[in-house]
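Visitor: Please take one part of this model and go through it closely. I would like to see how that part sits within the chain as a whole.

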Amino acid sequence: MRVSEQTLDRRIRDERQQEGAWTQARLMYTDMQHMTYDPSWWQLAYGKDGELIGLVMPAQNPTHPVIGYIGVVPEQRGRGYIDTLLNQGTVILHRGGADAIRADTDVENSPMARAFRRAGYIRFAKRYEYSLVLR
C-alpha cells in the first residue's frame, strides 16, 4: 500500500482512488499471487534505521519472467533505491534460470522508465490498455 502512494502509474492511481489504498494493494497482491514465483523472490527492503524503503516482486507470468511489481515508498524516492531493488529482482530471476526478463511501466512514470534503461532493459513496445465495465 505504501509503495503505491503518489504513484505516477495512472492505472494504479485510478484503482487507489476507486477502491481505496488498502483494497487496491490487496487486489494487486492477489493478482501477483496468480503468477508463478518462489516466495523468497518477493523481498522488502529496509534502511539501517528499520524503515521500509520498498519492495520488489519478480515472478513468471504465463509466458515470461517479469518484474511483476516494484516500488519505493514516497519518502525514500529519489535516493537510487529503485536501482538496487531492480537489480535484486533481475538477479533473482536470472539465478532462477531466466535468460530474458520483461517489465513495464506507465508512459507517465518516467523515473521508473529511466531505472529500467539504467539497468539495461530495452523498450520493445508501446501499448494502450482498455477496460469495459459491464453493469
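Guide: About 9,300 Å² of the chain is exposed, and carbon and sulfur atoms supply 51% of that area. The model is a predicted one. Of the 135 residues in the chain, 33% are buried. Against that figure, strand S2 (residues 52-60) is the part to look at, as it is mostly covered, with seven of its nine residues buried.

The chain holds four helices and three strands, in the order α-α-β-β-β-α-α from the N terminus. S2 pairs with both of the other strands. Strand S1 (residues 43-46) runs antiparallel to S2 and is joined to S2 by four bridges. The two form a hairpin with five residues between them, and in that turn Gly-50 has a positive phi of about 85°. On the other side of the sequence, four residues make the hairpin link from S2 to S3. Strand S3 (residues 65-72) is also antiparallel to S2, over seven bridges.

Leu-55 in S2 ties these pairings together: Leu-44 stands opposite Leu-55, and so does Gly-71 in S3. In a regular strand, side chains alternate between the two faces of the sheet.

For the chain around this sheet, the C-alpha atoms fill a box of roughly 45 × 40 × 30 Å along the principal axes. The radius of gyration is 15 Å, which agrees with the value near 14 Å for a compact globule of 135 residues. Among contacts between residues at least 6 apart in sequence, 50% join residues at least 24 apart. The chain carries 18 positive and 16 negative side chains, and the centres of these two sets are 5 Å apart.

Notes: Residues are numbered from 1 along each chain as its sequence is written. This is a predicted model: local features need pLDDT of at least 70, side-chain atom pairs count only at pLDDT 80 or more; totals for chains, interfaces and linings use all residues. Side-chain values use heavy atoms; hydrogens and water are left out. The radius of gyration is taken over C-alpha atoms; the globule rule is 2.2 Å times the number of residues to the power 0.38. Buried means under 20% relative accessible area, exposed over 50%, partly exposed in between (1.4 Å probe, protein chains only). Contact means heavy atoms within 4.5 Å. Accessible areas come from the Shrake-Rupley method with a 1.4 Å probe; for residues, only the protein chains shown count as cover. Lys and Arg count as positive and Asp and Glu as negative; His and the chain ends are not counted. The place of a charge is taken as NZ of Lys, CZ of Arg, CG of Asp or CD of Glu. Two strands pair if DSSP finds at least two bridges between them.
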